[in-house]
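Dear colleague,

Please find the structure below, handed over for your studies. My notes on what was found in it follow directly after.

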Amino acid sequence: MTWIKRIGFFLLTNILIMTTISIVTTLLGSMGFSIRAYGLDLTRLIVFCLMWGMAGSFISLLLSKMMAKWTMGVKVIDPKKASAPEMDVYRRVQSLAQRAHLPMPEVGIYESPEVNAFATGPSKSSALVAVSTGLLNRMNAQELEGVLAHELSHVANGDMVTLTLIQGVVNSFAMFISRIIAYVASNAVKEEMAHIVRIVVTIVLDIAFSILGSMAVAYFSRQREFRADAGGAKLAGRESMISALESLRQMVEMPEDPRGEALASFKISSNKGGFLSLFATHPALEERILALKQMR
């Protein structure tokens, strides 16, 4: 069950980020910075939490394209040196980008048996669209067109930036609430225990709220997949988009590349089910196909 491992990786990453932020901000005295004689200075605390909560998300966004190339071994296509199959992918992306009125993104291919593709990058003018060799080997021209249109729709919709903002707000909110509760808890114990209680409660609640927050981020990610499917249908035609998703649905035992766990929310497909689907970044393929069929 690779998708279970992927959700575990997603949660573990968030937990590690929030734990690191908790420890660092605690060592820097974040609560002391906000505590006054009359109680908590909520304005200072809000500013502090926003600064730390948003910082990590934006750093990840700025490094996203570079990290994707490095972790997945993406080979960026140079049109002057490309082979015929590479040029086919490049020209398809070029044509779709023109239809979507987008700057030409970097186009790359990565060696992997998984049938997938992803788009990432800090802005519309600095995006990367990459497809796996597994997808190129197993999908026909119409299906490939649908996949590329879907990924370019993510770029056109600004999904990378929006997801970053949402993750940053969720992190900031988690930090803010956990510190208020920690402050209240520290006032409920003896003075000599107050500091250690504040630290422990802050770290524990940062982790707990980051897990709950992951559900909200995952929900938004699922909604943006429907929007990207609709955008892909407008760019490449509804039949191409449906054909691509049908092809993915038929690959029940589709291999997934463990190198791409951190990029799961940016790929066209990710297999999930059951209760853990609350943390899924993609809706079920059946739901996506039905939505396209019902689209006017």
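In this predicted model, helix α10 spans residues 285-294, and its buried residues are Leu285, Arg288, Ile289 and Leu292. These four residues lie on the same side of α10, because they cover an arc of only 100° around the axis. The cover over the buried residues of α10 includes three other helices: α6 (141-156), α8 (191-236) and α9 (238-250).

Strand β4 (106-110) deserves your attention next. Four of its five residues are buried, so β4 is largely enclosed by the rest of the structure. How does β4 pair with strand β3, and how with strand β6? With β3 (residues 75-76), β4 pairs in the antiparallel sense over two bridges, and here Val76 stands opposite Gly108. With β6 (residues 126-132), β4 pairs in the parallel sense over five bridges, and Glu106 stands opposite Leu128. As a general point, side chains in a regular strand alternate between the two faces of the sheet.

Val107 is a useful residue to examine within strand β4. Its relative accessible area is 2%, and Val107 is therefore buried, since the cut-off is under 20%. Which residues does Val107 contact, leaving aside its neighbours within four places in sequence? They are Lys75, Val76, Ile77, Val89, Tyr90, Val93, Leu128 and Val129. Two of these contacts, Val76 and Lys75, can be located in the paired strand β3 (residues 75-76). For comparison of sequence and space, Val107 and Ala119 are 12 residues apart in sequence, while their C-alpha atoms are 9.3 Å apart.

The loop between α4 (84-99) and β4 contains His101. This residue has a positive phi of about 60°, although it is not a glycine. Most residues other than glycine have a negative phi. Is His101 buried or exposed? His101 is exposed, with a relative accessible area of 72%.

I turn now to the aromatic rings. How many aromatic pairs does a search of the whole structure find? The search finds two. In one of them, the ring centres of Phe48 and Trp52 are 6.2 Å apart and the ring planes stand at 35°, so the pair is tilted. Phe48 and Trp52 both belong to helix α3 (residues 42-72), where they are four residues apart, or about one turn of the helix. Phe48 counts as buried at 10% relative accessibility, whereas Trp52 counts as partly exposed at 24%. The other pair joins Tyr110 and Phe118, whose ring centres are 5.7 Å apart and whose planes stand at 40°, so this pair is tilted as well. Tyr110 is buried at 0% relative accessibility, and Phe118 is buried at 0% too.

Finally, there is an annotation to set beside the model. The unreviewed UniProt entry gives "transmembrane region" for residues 7-33, 45-63, 160-184 and 196-220. Over residues 45-63, the chain in the model is 100% helix and 0% strand, with end C-alpha atoms 28 Å apart. The span 160-184 is also 100% helix and 0% strand, and its end C-alpha atoms lie 37 Å apart.

With kind regards

Technical notes: Residues are numbered from 1 along each chain as its sequence is written. This is a predicted model: local features need pLDDT of at least 70, side-chain atom pairs count only at pLDDT 80 or more; totals for chains, interfaces and linings use all residues. Side-chain values use heavy atoms; hydrogens and water are left out. UniProt positions are given in the numbering used here, feature names are shortened, and annotations may be inferred rather than shown by experiment. Buried means under 20% relative accessible area, exposed over 50%, partly exposed in between (1.4 Å probe, protein chains only). The arc is that of the directions from the helix axis to the C-beta atoms. Contact means heavy atoms within 4.5 Å. Rings of Phe, Tyr and Trp (its six-membered ring) pair if their centres lie within 6.5 Å; planes under 30 degrees apart count as stacked, over 60 as edge-to-face and the rest as tilted. Two strands pair if DSSP finds at least two bridges between them.
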